[in-house]
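Please keep the model open in your viewer and follow the selections below in order. Each stop says what to select and what is found there.

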Amino acid sequence: MRNPQLNSHGELQHLLTIDGLPREILAAILDTAAPFTEVAEREVKKLPLLRGKSVFNLFFENSTRTRTTFEIAAKRLSADVINLNISTSSTAKGETLLDTVDNLCAMQADMFVVRHAASGAPFLIAQHLAAMGLEHIHVINAGDGRHAHPTQGLLDMYTIRHYKKDFTGLTVAIIGDLLHSRVARSQIHALTALGVPELRVIGPKTLIPTDVAQLGVRVFHDMRAGLKDVDVVMMLRLQNERMQGALLPSPQEFFKYYGLTADKLECARPDAIVMHPGPMNRGVEIDSAVADGPHAVILPQVTFGIAVRMAVMSMLAGN
Amino acid sequence: MVMPDAERLCLALAEHLRTGLHPDTALVGIHTGGVWVAERLHAALGLKTPLGTLDVAFYRDDFSRSGLHAQLKPSDIPFDVEDRPIVIVDDVLYTGRTIRAAMNEIFDYGRPARIDLAVLIDRGGRELPVCPRWVAHALTLDPDKNLQLERSDAGVLSLRLIDA
Amino acid sequence: MKIHIKNGRLIDPAAGIDAQKDLFLAAGKVAGIGTAPDGFAANRIIDASGLVVCPGLIDLAARLREPGFEYRATLESEMAAAVAGGVTSLACPPDTDPPLDEPGLVEMLKHRARHPNFAHVYPVGALTVGLAGERLTEMAELHEAGCVAFGQAHLPVTDTRVLMRAMQYAATFDFPVWLQAQDPFLGQDGVAHDGEVATRLGLAGIPVSAETIALSTILQLARDTGVRIHVTRISSAAALDMIVAARASGIGVSCDVSVNHLHLSDADIGYFDPHANLVPPLRSGPDRDALRRGLAEGTVNALCSDHTPVDDDAKQLPFAEAEAGATGLELLLPLTLKWAAEMQLPLARALARITSDAARILGLAAGVLAPGAAADVCIFDPRGSLKVTRESLRSQGKNTPFLGRELPGRVRYTLLDGHVAYENGR
């Protein structure tokens, strides 16, 4: 079965997941993103690449932040951006996901940016478009369930490359709620594809997915041991509803054992960078002193995120 | 067909420009060959304003047909464009589409006082109303030929004619 | 009506027959094998040269979707699928809407299913009212209405005290109890086998322990109550090991597996194929291989289609939101033949799992071709094939992970009580 995000020439048709993408395509996206970073400093922060194209932000799950970054990226490429926030309750009233897609296709959409609570929803859309003969419409996954958040994974790679230049000598640790994290899954696939030799995940057993080691990571439950000599610390967000109950006893205990503090960060290399996909829970997964400290590159991540999304949209539109 | 010597053409082009420049004039080379020529001119003319470079890939009119090209270079305009005279420098002038893209891009940085065009070779075949102010050498080529500026490892520029 | 089926390869697993023999049918019964009974004058001769003649297939689980889900399938559509698949008897699970928990519903279903071209229907009654796991149904009344066993489809009885009492009550009348083993808490919200595939795809997992814990409860209560227990749709190697061990300790327990779990594993979810959303979930490759061996050896007693037609609106959804289940009546024979070929099994042994062995679990004197037995016969071309497409399926449900595949075997005739109910595509 052909990877549904590649076209018959092996080019990126949709961006649905980083899983299975060759290193060359990932490197090409990062290379393409570099010149886009400079656009933000111009008098006119706009490029004409997507002029006349309609980009639909199709958000079945609310996320102002992610939607905004995609909106800015599309607008800087001169696209017409239409935002649709479709709560799952309204689709439950009758119209299915694919009904919605069919309607928007009839409005001459060129690109869908899809956020959905169910893993795989963007694949369903891409497969449906193929079945309808609408291959010219591109789909970008802006986060599906626990499955993938590929543009976040790519902007994280851009950030790491910006600060560390080369992936092939790095030790990287991903910390926190991996079980529910689409960000972590995209990071793991990207880091392994780009040749990171030592990739660790750290968290309590309740938050580590079954058989995750088979994705190419080493599992640690002791944060200090896991942070030893790492170059890159990637924190994950802990959702409020998971902070107490059967997964974790309390946010306080989680912070004590798995929250990133200056003290624990000393186990990492002196020049380690600290990343977080946002929004942060200060005092739950990360201490303010670290979040605002000299190791943090959390705000540059946001800036690079726009350029990476511009690069992805331009590459898809051109393929 | 014997191609003229590119290094000598650069010197000739610099002499053409010398008289027509304002003290604030900035040179902007178009990637990749135009940047090499602009570097030569910038050194020969001893300009104060730093050299600008453009990769017009983001402004090309054939994007929807052929997509983004690999190996994009960042554009770098290290001066204020507003009210400044600007000279776009390119190696070979052909259809004029690249120059149109370059002018569009420059306007996204600000409103220049004027824009002129200096090219090493004008090979004819224009598809847009673009006219260079300075040309080092003019010739006519068949559409099935491509004229390329190349730079050796030692940094020497030369022109090469290849089949399109 | 007297029918002479000649020149076929007759396979009757129960009698150990696999030979070129003619079959003679009269008055809805098998009248003779090999040689014609005295004075037999056929009204019709069916030439079965190159074909296999075997007992009509018996499917232990086929959802007909009546009552309640007629927008998904109707008795007419699914019965057409059954005879096209060579199936002459089928058990239907109680998860209709309303569930089969009242004698009137069962009588209505039996009445609706009474048609010469419809397979014999054997309803499995609800073990608890509304399948809610709280109150016992009127099992004796339901039995009189036609229920052959009692179960919960794939729904649990969470309260173990209710489960024990339901088994005790069923054991009082020696009614068999059919249960699927899945712990409701460990299985909660899960949609795929808890393993690397689910982790990679970000699908909520159902661990194997969800099956083994529930199975342990079922087996221990079965031992204590003495009920005749049948475990439906086992999915893991660990569950099969437990069943084998339970038998060794003297618990009389049978079990079945679905055609999907016999051929597929969680890897077949691929890129979120909603057709691979099944209950129980498709397990790992080693689990599937253990089930394939178990069915060959007979530790897994029977194979069923677990036929579950689902309409496109409920299936064309993101994986976790799609309704579970796959259509299967027409795939039962082809997938049995595929398994037999891959395992290099004698055809008679493979066919036993969907004829005589299945009949034994149902408590029926069917699935055999002995003189005097009902003339339910399947005649198929073992060298033919079935391309599974939306168009080729007669079931109203077009939902199967085997869509697009070419499978071995093609049913040519299906006879019900000595009457030709299906013939060469009609």
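**Inside chain C**

Begin with chain C of this predicted model, where 30 residues of domain 1 are in contact with 46 residues of domain 2. To reproduce the two selections, take residues 2-53 together with 374-423 as domain 1 of chain C, and residues 57-362 as domain 2 of chain C, as the domain assignment gives them. The centres of domain 1 and domain 2 of chain C, taken over C-alpha atoms, are separated by 26 Å.

Now colour the side of domain 1 of chain C that touches domain 2 of chain C by element: strand S18 (377-387), strand S19 (406-416) and strand S20 (419-423) of chain C are the elements that give two or more residues to this side. Its largest share, six residues, comes from S19(C). Recoloured by class, this side of domain 1 of chain C divides into 18 nonpolar, eight polar and four charged residues.

Zoom out to the whole of chain C, whose secondary structure comes to 13 helices and 20 strands, and whose C-alpha trace spans about 65 × 50 × 45 Å along its principal axes. For 426 residues a compact globule would have a radius of gyration near 22 Å, and the 21 Å of chain C agrees with this. Of these 426 residues, 58% count as buried, and among contacts in chain C between residues at least 6 apart in sequence, 76% join residues at least 24 apart.

**From chain C to chain A**

Which of the two pairs of chains in contact shares the most contacts? Chains A and C do, so display both chains and select their contact, which takes 19 residues from chain C and 25 residues from chain A. On the side of chain C that touches chain A, helix H5 (residues 196-201) of chain C gives the most, with four residues. By class, this side of chain C has eight nonpolar, six polar and five charged residues.

**Inside chain A**

Next, hide chain C and split chain A into domain 1 (23-149 + 303-318) and domain 2 (151-300). The C-alpha centres of domain 1 and domain 2 of chain A lie 26 Å apart, and the contact takes 21 residues from domain 1 of chain A and 23 residues from domain 2 of chain A. On the side of domain 1 of chain A that touches domain 2 of chain A, the elements giving two or more residues are helix H1 (23-37), strand S4 (138-144) and H12 of chain A. H12(A) supplies the largest share of this side, six residues.

**From chain A to chain B**

Bring chain B into view and select its contact with chain A, to which chain A gives 16 residues and chain B gives 14 residues. H1 and H12 of chain A are the elements that give two or more residues to the side of chain A that touches chain B, and H1(A) gives the most to this side, with four residues. With chain C shown again, a distance check finds that chain B and chain C do not touch, their nearest C-alpha atoms being 28 Å apart.

**The nonpolar core**

For the last stop, select A:Ile175, A:Val233 and C:Val177, which touch the most other members of the 301 residues in the largest nonpolar core. Helix H12 (residues 298-318) of chain A provides the largest share of this core, 12 residues. Centre the view on A:Val233, which touches, among others, A:Ala173, A:Ile175, A:Leu227 and A:Leu260, not counting residues up to four places away in sequence.

Definitions and conventions. Residues are numbered from 1 along each chain as its sequence is written. Chains are lettered from A and ligands numbered from 1 in the order in which they are written. This is a predicted model: local features need pLDDT of at least 70, side-chain atom pairs count only at pLDDT 80 or more; totals for chains, interfaces and linings use all residues. A nonpolar core is a set of buried Ala, Val, Leu, Ile, Met, Phe, Trp, Tyr and Cys residues joined through C-beta atoms within 7 Å. A residue is buried if 20 or more other C-beta atoms lie within 10 Å of its own, exposed if 12 or fewer, and partly exposed in between; C-beta atoms are placed from the backbone. Two residues are in contact if their C-beta atoms, placed from the backbone, lie within 7 Å. The radius of gyration is taken over C-alpha atoms; the globule rule is 2.2 Å times the number of residues to the power 0.38. Ala, Val, Leu, Ile, Met, Phe, Trp, Tyr, Cys and Pro count as nonpolar, Asp, Glu, Lys and Arg as charged, and the others, Gly among them, as polar. Domain bounds come from an automatic or database domain assignment.
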